[in-house]
Amino acid sequence: MIKVKGYAAQTPTTDLAPWDFQRRDVGPHDVQFDIQFCGVCHSDLHQIKNDWFEGIFPMVPGHEIVGRVIKVGDKVTKFKVGDLAGTGCMVDSCRECENCKRDLEQYCLKGNSQTYNGLEQDHKTPTYGGYSNTIVVNEDFVLHIPENLDLAASAPLLCAGITTYSPLRHWKVGKGHKLAVIGLGGLGHMGVKFGVAFGAEVTVLSTSPKKEQDAKKLGAHHFLVTSDPEQVKAAQHTFDFILDTVSAEHDINMYMSMLRTDGTHICVGVPPKPSMIKAFSLLGGRKSLSGSGIGGILETQEMLDFCGEHNIVSDIEMIDIKDITTAYERMLKGDVRYRFVIDIATL
Ligand code: NAP
Ligand code: ZN
Ligand code: ZN
């Protein structure tokens, strides 16, 4: 077994603190890489707080993981020692169900292995995430990070990046479309970058008036403050797509009133409580309510290569790991500019 230093929540009510644990030795198909940076996703906070379901504790969060390969198994063909490597939200899947066969491991019908707060494919061994100094992952779930990108700023691509890239590609959002992104946080700011890169006219729908300048700097064409009923009224029947990245309770009906006929509201944010949808919000304009979860491994690599070609990374604020609780508090207040990334050297 390999000794690992990490940060863990021991229970849903305790702050994260240093915790030593072990990972499996490098098997024939495994890649071990030393973690240099790990992004802080709102899902980390939801999970250590048991917002969604009862978690597996101790929990080492982190699924936006990047670093350099230090060891490979003897059957590994895709990586060599010294390569940059990344891992997102999954470390394995069944590989044989209909969705795995379609490169949609995120929707594995037998349950994929989440990077933390999950179980390996033996359905017994708990997984531990990227708030730690090293990780061992089957090579099929390790991604190549383009060398030309800033490594720390590329970490959030592994979750915030793919979670916004995938639905925009699936719905072919691009030139001629009006796209609204709700919530200018970690996911939202990547949604803006990809929406703009794909040629859409992008509006940010925000509760934070002070983020307007940043939204424009990120490339958004318009900015709308959703607490102002006049602005919401003026935007009725405007958007072809809404990408909803909100982490907390919000009124989806109000947002759907801003969709055009045949428009689609895509949920990627996962508030702890269920949302109430009025049938009228859907039938008045034949609108669709949909959702999307991260992305498959093939598409995640495609997204990373696209980012390498177009020089797209996340806007980040680097933190020491000891400041993680303060970062969570700021995240809860919507005060993220626009993704915290942990410098793992501070572990
Ligand atoms: P984040 O950085 O905290 O951003 C969320 C943003 O939502 C905030 O910055 C804020 O933006 C807005 N917001 C917060 N509370 C709101 C409210 N009550 N009403 C309206 N807007 C509100 O979080 P994140 O890391 O981007 O994650 C967002 C959500 O996506 C989380 O629930 C996370 O678990 C989920 N997620 C899902 C997937 C997936 O596969 N589908 C993957 C990753 C994360 P403004 O200040 O602009 O209003
Ligand atoms: Zn995430
Ligand atoms: Zn499967």
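Which polar side-chain atom lies 2.6 Å from an oxygen atom of ligand 1? That atom belongs to Thr-207. The model is predicted, and ligand 1 is a good place to enter it.

Thr-207 does not act alone. Gly-186 offers a polar backbone atom 2.8 Å from an oxygen atom of ligand 1. Val-270 also contributes through its backbone, with a polar atom 3.0 Å from an oxygen atom of the ligand. Taken alone, ligand 1 exposes 930 Å². The protein buries 90% of that area.

Now widen the view to the shell. There are 32 residues around ligand 1. Ser-206, Thr-207, Ser-208, Lys-211 and Arg-339 come nearest. By character, the shell divides into 17 polar, twelve nonpolar and three charged residues. Two helices deserve a look here. α1 (42–48) and α5 (186–197) each supply at least two shell residues. The largest share, three residues, comes from α1. The shell also draws on two domains. Domain 1 (2–159 + 295–346) and domain 2 (161–291) each give at least three residues.

Next, the metals. The zinc ion (ligand 2) is coordinated by Cys-41 (SG), His-63 (NE2) and Cys-159 (SG). The distances run from 2.0 to 2.2 Å. Along the chain, these donors follow the spacing C-x21-H-x95-C. Cys-41 sits in the loop between β3 (30–39) and α1, whereas His-63 sits in the loop between α1 and β4 (65–72), so this pair ties together parts that are 22 residues apart in sequence.

The zinc ion (ligand 3) has another set of donors. Cys-94, Cys-97, Cys-100 and Cys-108 coordinate this ion, each through SG. Here the distances are 2.3 to 2.4 Å. The donor spacing along the chain reads C-x2-C-x2-C-x7-C. Why is the arrangement around the zinc ion (ligand 3) tetrahedral? The four donor atoms subtend angles of 104 to 121°, and the arrangement is tetrahedral because of these angles. The cut-off is that all angles lie between 85 and 135 degrees.

The backbone has some points to check as well. Start in the loop between α1 and β4, which holds Pro-58. The peptide bond from Phe-57 to Pro-58 is cis, with omega near -5°. His-63, a donor to the zinc ion (ligand 2), lies in the loop between α1 and β4 too.

A cis bond also links Arg-337 to Tyr-338, with omega near -15°. Tyr-338 lies in the loop between α11 (324–332) and β16 (339–343). Follow the chain on to Arg-339, which is among the residues that come nearest to ligand 1.

Last, turn to strand β13 (residues 259–267), where Asp-262 lies. Asp-262 is not a glycine, yet its phi is positive, at about 70°.

Definitions and conventions
Residues numbered from 1 in each chain as written. Chains lettered and ligands numbered in written order. Predicted model: local features only at pLDDT ≥ 70, side-chain atom pairs only at ≥ 80, totals over all residues. Heavy atoms only, no water. Near = heavy atom within 4 Å. Polar contact = N/O pair within 3.5 Å; in protein donor to acceptor, adjacent residues only side chain to side chain. Areas by Shrake-Rupley, 256 points an atom, 1.4 Å probe, with all protein chains shown as cover. Helix = DSSP H or I, 4+ residues; strand = E, 2+ residues; numbered from the N terminus. Nonpolar A, V, L, I, M, F, W, Y, C, P; charged D, E, K, R; others polar. Domains from an automatic or database assignment. Donors = N, O, S within 2.8 Å, 3.2 Å for Na, K, Ca; no water. Tetrahedral: all angles 85-135°; square planar, octahedral: opposite > 155°, others 65-115°.
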